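Q: Can you walk me through this structure? I'd like to go piece by piece and ask as we go.

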Amino acid sequence: MSKKKKKYYVVWKGAKTGILESWEECRESIHGFKGAEYKSFTTLNLAQKAFSENYSNYKGKTIFESTLSKEQLELIGKPNLNSVSVDAACSGNPGTVEYQCVDTNTKKQIFHFGPLHESTNNIGEFLGLVHTLAHLKKTNDKRPIYTDSKTAISWVKDKTYRTSLEKNEKNSKSFKLLDRAVKWLEENQIENKILKWETQAWGEIPADFGRK
């Protein structure tokens, strides 16, 4: 049986406030307390940070907490916020695909494309990455590009796509765009660094559609 992961309970308003180390203690503090404010965290550092701030910063929000060790996080480092990020979303498999590129720091959308029907997430990730490369080249933007797709990075590197999806009338547009993307890669030099977004360390990529 796996060991239960420890949690820390921050109580902003309750009979006893502060960082409590058991649900029983937290429950005793908030039970019958009108307007109680509390939330659980899996790391002491984040609990301490949260308690030093306002409850409104955390109410109803999913807070990302990395499960990596301090040493692993230090080795990975922080993302370069002076960059752009690209991500795809697929409803079904195969299904309806769309992708978007955003400013990594502000999350402001740079462009959005879709829908593409009866396609796959890998196709969307690859097309999104090539579309971003072409867009940045056209606008003379030298910022690096983050993607969380190893497959897309591999396909771009090899200047090809490898999909087991069968072409049909519904996804013919996707295959036309795939061929166009390969042609662009063959005819153009990549001028932007392509970087892997470290989801385990940093949470979801800023271009994520938030549908997980």
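A: What follows goes through the sheet, the helices, the strands outside that sheet and the cysteines, and the model is a predicted one.

Q: Okay, start with the open sheet: in what order do its strands come?
A: The open sheet has five strands, arranged in the order β6-β5-β4-β7-β8, and their pairing is mixed. The edges are formed by β6, which covers 109-119, and by β8, which covers 194-196, each of them pairing on one side only. From one strand to the next, the twist averages 25°.

Q: And β5 with β6, in which sense do they pair?
A: Strand β5, residues 95-103, pairs with β6 in the antiparallel sense, and six bridges connect the two. As an example of the register, Cys 101 stands opposite Phe 111 in β6. The two strands form a hairpin with five residues between them, and in that hairpin Lys 107 has a positive phi near 65°.

Q: Which strands does helix α4 touch?
A: Helix α4, residues 121-138, packs on the sheet and touches β4 (84-92), β5, β6, β7 (145-147) and β8, while its direction makes about 150° with that of β4.

Q: What about α4 against α5, at what angle do they pack?
A: Helix α5 spans residues 150-158, and α4 packs with this helix at an angle of about 55°, the two axes being 8 Å apart. That angle falls outside the ranges for roughly parallel, antiparallel or perpendicular, so α4 and α5 are oblique to each other. The crossing of α4 and α5 is right-handed.

Q: Which residues meet there?
A: From α4 the contacts come from Asn 122, Ile 123, Glu 125, Phe 126, Leu 129, Val 130 and Leu 133, and on the α5 side they involve Thr 151, Ala 152, Ile 153, Trp 155 and Val 156.

Q: Does Ile 123 turn up elsewhere, I mean, which residues does Ser 174 touch?
A: Ile 123 is one of the residues touched by Ser 174, along with Leu 116, His 117, Ser 119 and Leu 127, leaving aside residues up to four places away in sequence. Ser 174 itself belongs to helix α6, residues 172-187.

Q: Is Ser 174 buried or exposed?
A: Ser 174 counts as buried, because its relative accessibility is 1% and the cut-off for buried is under 20%.

Q: Switching topic: how many residues of β1 are buried?
A: Five of the six residues of β1, which runs over residues 8-13, are buried, so the strand is largely enclosed by the rest of the structure.

Q: And what does β1 pair with?
A: Strand β1 is joined to β3, residues 37-41, by five bridges in an antiparallel arrangement, and there the bridge partner of Tyr 8 is Phe 41. Strand β1 is also antiparallel to β2, residues 18-20, through three bridges, with Tyr 9 opposite Leu 20. Four residues lie between β1 and β2, which form a hairpin.

Q: Last thing, the cysteines: how many disulfides are there?
A: The count is zero disulfides, taking a pair of cysteine sulfur atoms within 2.5 Å as the criterion.

Q: Why is Cys 90 without a bond?
A: The closest cysteine sulfur to that of Cys 90 is in Cys 101, and because it is 20 Å from there, it is too far for a bond.

Q: How do Cys 90 and Cys 26 sit, buried or exposed?
A: Cys 90 is partly exposed, with a relative accessible area of 25%, whereas Cys 26 is buried at 0%.

Note on methods. Residues numbered from 1 in each chain as written. Predicted model: local features only at pLDDT ≥ 70, side-chain atom pairs only at ≥ 80, totals over all residues. Heavy atoms only, no water. Buried < 20%, exposed > 50% of the residue type's maximum accessible area, 1.4 Å probe, protein only. Contact = heavy atoms within 4.5 Å. Pairing = 2+ DSSP bridges. Axes fitted to C-alpha atoms, helices over the stretch in contact; angles between N-to-C directions. Parallel < 35°, antiparallel > 145°, perpendicular 65-115°, else oblique. Left-handed = near helix turned anticlockwise from the far one by under 90°.
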